[in-house]
Amino acid sequence: TDTSFTAKKLKVKDQGIPDEQQIKARQGDVVARLRIALSQLSHYSAPFRRDAIISVGKAVKDLEPGELVGQLAQIVAGMAKMIIDADESVRQAGLPVWTFLFRDIDRRSWMPFLPNIVAFLILGLTHISLDIRVDTC
């Protein structure tokens with residue numbers, strides 16, 4: 001094998017500052033991951049739902065703040081049901097996601113979604129299962 005060659009220039013793709021089109025493409029990928037994870041929240045398997053919540057959390061952390069507020073309706077619609085999930089690991093997996101969302105999103109952005117969230121919290125606080133009541137607190 002002949003290994004005697006010289007290179008005038010070495011070019012590595014995607015090295016340097018990303019342009020606006022690359023940033024939008026990455027955000028589109030994150031939004032797609034988020035939508036897939038949100039669709040998996042209604043799966044019959046508790047471990048699958050728990051993994052979907054973890055995926056939602058990862059996607060939420062990767063989103064730009066403006067895009068996160070834009071996706072808030074879908075996030076709340078999918079995640080609110082998990083407050084009263086029958087499986088404890090699913091309910092526990094949702095806690096870091098809710099903590100991140102409430103900490104990083106402006107209060108005014110939450111106003112349209114608070115009735116839905118409060119309804120599920122009340123359902124959890126008055127649930128027949130003691131574990132769900134305790135986790136809701």
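Asp135 and Arg91 form a salt bridge in this predicted model, and their closest N and O atoms are 2.8 Å apart. Because Asp135 belongs to helix α8 and Arg91 to helix α5, the pair ties together parts that are 44 residues apart in sequence. The two partners are covered to unlike degrees: Asp135 is partly exposed, with a relative accessible area of 27%, whereas Arg91 is buried at 9% relative accessibility.

## Salt bridges

The count of salt bridges comes to 6. A second one joins Arg49 to Asp85, with the closest N and O atoms 2.9 Å apart. Arg49 is located in helix α2 and Asp85 in the loop between α4 and α5, so this pair links parts that are 36 residues apart in sequence. Arg49 counts as buried, its relative accessibility being 11%, and Asp85 is buried as well, with a relative accessible area of 8%.

A third salt bridge brings together the side chains of Asp62 and Arg33, at 2.8 Å from N to O. Here Asp62 lies in helix α2 and Arg33 in helix α1, which spans residues 20–39, so parts that are 29 residues apart in sequence are tied together. Asp62 is partly exposed at 41% relative accessibility, and Arg33 is partly exposed at 40%. In general, side chains of opposite charge can pair when their charged atoms come close.

The three pairs described above are set out below.

| Salt bridge | Closest N to O distance | Separation in sequence |
|---|---|---|
| Asp135 and Arg91 | 2.8 Å | 44 residues |
| Arg49 and Asp85 | 2.9 Å | 36 residues |
| Asp62 and Arg33 | 2.8 Å | 29 residues |

## Overall architecture

The chain contains 8 helices and 0 strands, and its elements, read from the N terminus, run α-α-α-α-α-α-α-α. Of the 137 residues in the chain, 33% are buried. Among contacts between residues at least 6 apart in sequence, 64% join residues at least 24 apart. The chain exposes about 9500 Å², and carbon and sulfur atoms supply 57% of this area.

## Packing of α2 against α5

Two packed helices are described by the angle between their axes and the distance between the axes. Helix α2 (residues 46–62) packs with helix α5 (residues 88–104) at an angle of about 10°, and the axes are 8 Å apart. Since angles under 35 degrees count as roughly parallel, α2 is roughly parallel to α5. On the α2 side, the contact is made by Ala46, Arg49, Arg50, Ile53, Ile54, Val56, Gly57, Val60 and Lys61. On the α5 side, Ser89, Val90, Ala93, Gly94, Val97, Phe100 and Leu101 take part. Arg49, one of the α2 residues in this contact, is also the salt-bridge partner of Asp85.

## A buried loop residue

Gln71 occupies the loop between α3 (65–70) and α4 (72–79). Is this loop residue buried or exposed? Gln71 is buried, because its relative accessible area of 5% falls under the 20% limit for that class. Apart from neighbours within four places in sequence, Gln71 is in contact with Val31, Leu34, Arg35 and Leu63.

## Nonpolar surface patch

Phe102, Met111, Leu114, Val118 and Ile122 make a nonpolar surface patch of about 440 Å². Helix α7 provides the largest share of the patch, with 3 residues. Met111, another patch member, is placed in the loop between α6 (107–110) and α7. Met111 is exposed, with a relative accessible area of 53%.

## The C-terminal region

Ser129 is found in the loop between α7 (114–125) and α8 (130–136). Ser129 is partly exposed, with a relative accessible area of 24%. Although Ser129 and Ile84 are 45 residues apart in sequence, their C-alpha atoms are 9.6 Å apart in space.

Cys137 lies in the segment after α8 and is exposed, with a relative accessible area of 77%. Cys137 and Leu125 are separated by 12 residues in sequence and by 7.0 Å in space, C-alpha to C-alpha. Helix α8 itself carries Asp135, the partner of Arg91 in helix α5.

Definitions and conventions: Residues are numbered from 1 along each chain as its sequence is written. This is a predicted model: local features need pLDDT of at least 70, side-chain atom pairs count only at pLDDT 80 or more; totals for chains, interfaces and linings use all residues. Side-chain values use heavy atoms; hydrogens and water are left out. Helices (H or I, at least four residues) and strands (E, at least two) are DSSP runs, numbered from the N terminus. Buried means under 20% relative accessible area, exposed over 50%, partly exposed in between (1.4 Å probe, protein chains only). Contact means heavy atoms within 4.5 Å. Accessible areas come from the Shrake-Rupley method with a 1.4 Å probe; for residues, only the protein chains shown count as cover. Patches are made of residues with over 30% relative accessible area and no salt bridge: like charges are joined within 9 Å, nonpolar side chains (Val, Leu, Ile, Met, Phe, Trp, Tyr) within 5 Å. A salt bridge is a side-chain nitrogen of Lys or Arg within 4 Å of a carboxyl oxygen of Asp or Glu. Axes are lines fitted to C-alpha atoms, for helices over the stretch in contact, and angles run from 0 to 180 degrees between N-to-C directions. Angles under 35 degrees count as roughly parallel, over 145 as roughly antiparallel, 65 to 115 as roughly perpendicular and the rest as oblique.
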